[in-house]
Amino acid sequence: MEHMKVFNTLTRKKEEFVPIKEGEYKIYVCGPTVYNYVHIGNARPAVIFDTLRRYLEYMGNDVKYVSNITDIDDKIIKKANEEGTTFETVARKYEEEYYTDLKGLNVKPATARPRVSDTIPEIIDITEKLIEEGHAYKTENGDVYFRVHSFNEYGKLSHQPLEDLESGARIAVGEIKESPADFALWKASKPGEPKWESPFSEGRPGWHIECSAMSRKHLGETIDLHCGGEDLIFPHHENEIAQSECANNCTFAHYWMHNAFLNVDNQKMSKSLNNFFTVRDIANEYGYEVIRYFLLTAHYRSPLNFTREIIEQCKSSLERLYTAREHLDFLISHAGEGKEDIKSSADKAKAEFIEVMNDDLNTADGLSKLFELVTVINVDGKEQSKNALEYTAKIFDELADVLGILYNRNTDEIPTEVKVLVEERTAVRKEKNWARADQIRDELASLGYEVKDTTQGPQIIKK
């Protein structure tokens, strides 16, 4: 079986994406820290790796897709203390808001969406194992640190020698570490912080250990693919590899994929530059689907620039796709016998779509193949048979579904009342009864429909 190729951050080259078990992919994607509405940059990995999952499933594979919720973090605790509430209250509120955004973006539900707070026993278990094996140590104040020098391959993901990484590390106030590069697995509790009992101290987990525990719990010790934004390569993913491979004595992930940053008006997004947009901000103005479309318009490893002009262009492109699909339905409803050659055009579009998606998930070229099919439909569609047009519609819908777009298309049957009014309108127009024709137009509008006159008859469009 031919597999797609992906750029593996671990090897810095494009490789055949071969799963541990043929036909099954185990994928872990780092999720958000839920202390506020997610920003537009957070949406990129959510949409990109959802599209990867959709494509793998389209090609006949079973995908176990796990993405976490970080609900214990300094930012969550700080917000809870400021608002005089608990970390659970803050985390649950914004977790639900995140799910609202994911649904709006048409991101499929994950196989599992674990929380850090539900994974404390597993985190403690890994930490104990690392201490036993000499890869971690407990300090006098109850913190536990991973001993970076105990893992000879540290730096293999970020492709930096330990000496360079260590020279850039700093020991923060209150930290008692053997080496500046060592990182926290467990933090002893401080006043105003949530805490759990452990063999080390009352405290809470460090950031990096959570994903190792959740990935192992839901996918096993070795997974096919780990994904996230490129900002997570170091230190987060580097540390995940170190602690997971030392605790489990086996490879953590065979492949690593990272999406590039999203900029706003060619600048890094930040609150200080007043160019910080949440997904909800943009969705309230343009709708969620335009955001998803926008995030697919560039290769995931290329920087993506957000501007209102680009979003407007994406909106127009989406409208063109919707219009083409509605036109295809119209052609099908009026077709009989005719040509069959559009079927070969649909097959060509599908084959070329698979070719570009197999090449490191090239969604930008995938969109272009869908638009090539739009051109064929608009130019040759009216001469085709009903069977050929239905076949083309099937391919069109398949490709759109892989990309996760056109999910707001109305597929409801046109009401009989509307059809009767349209037939009456056609009759009164032949009689040149323009007053009644205008009246029917207004009646249709009140029902949420309009009529477009074409050379093949009236086309009913739901507004």
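This is a short selection-by-selection tour of a predicted model, going from a sheet and its helices to two loop residues.

**Stop 1: the sheet**

Start by selecting strands β4, β3, β9 and β10. In that order they make up an open sheet of four strands, and the pairing is parallel. Now colour β4 (62-67) and β10 (253-259) separately: these two stand at the edges, and each has a single partner strand, so one side of each is left without a neighbour in the sheet. If you look along the sheet, you can follow how neighbouring strands are turned against each other, by 20° on average with direction ignored.

Next, zoom in on one pair. Strand β3 covers residues 24-29 and runs parallel to β4, with six bridges joining the two. For a handy landmark, show the side chains of Tyr 28 and Val 66: Tyr 28 stands opposite Val 66, which belongs to β4.

**Stop 2: two helices against the sheet**

Keep the strands on screen and add residues 40-58. This is helix α1, which packs on the sheet and touches β3, β4, β9 (223-229) and β10. The direction of α1 makes about 165° with that of β4.

Then add residues 207-219, helix α6, which lies across β3, β4 and β9. Relative to β3, helix α6 runs at about 155°.

**Stop 3: Ser 179**

Leave the sheet and go to the loop between α5 (162-167) and β7 (183-188), where you will find Ser 179. Is Ser 179 buried or exposed? Its relative accessible area is 5%, under the 20% limit, so Ser 179 is buried. Show its surroundings as sticks: beyond neighbours within four places in sequence, Ser 179 is in contact with Tyr 137, His 149 and Glu 166.

**Stop 4: Tyr 407**

For the last stop, select the loop between α13 (386-403) and α14 (416-430) and pick out Tyr 407. With 25% relative accessibility, Tyr 407 counts as partly exposed.

Which residues is Tyr 407 in contact with, leaving aside its neighbours within four places in sequence? They are Gly 104, Leu 105, Asn 106, Tyr 288, Glu 289, Arg 292 and Tyr 322. Two of these names deserve a distance label. Draw one from a polar atom of the Tyr 407 side chain to the backbone oxygen of Gly 104, and you should read 2.6 Å. Draw another from a polar atom of that side chain to the backbone nitrogen of Glu 289, which lies 3.4 Å away. Finally, switch to C-alpha atoms: those of Tyr 407 and Glu 289 are separated by 8.0 Å, although the two residues are 118 residues apart along the chain.

Technical notes
Residues are numbered from 1 along each chain as its sequence is written. This is a predicted model: local features need pLDDT of at least 70, side-chain atom pairs count only at pLDDT 80 or more; totals for chains, interfaces and linings use all residues. Side-chain values use heavy atoms; hydrogens and water are left out. Two strands pair if DSSP finds at least two bridges between them. Axes are lines fitted to C-alpha atoms, for helices over the stretch in contact, and angles run from 0 to 180 degrees between N-to-C directions. Contact means heavy atoms within 4.5 Å. Buried means under 20% relative accessible area, exposed over 50%, partly exposed in between (1.4 Å probe, protein chains only). A polar contact is a pair of N or O atoms within 3.5 Å; within protein, one must be able to donate a hydrogen and the other to accept it, and residues adjacent in sequence count only if both atoms are side-chain atoms.
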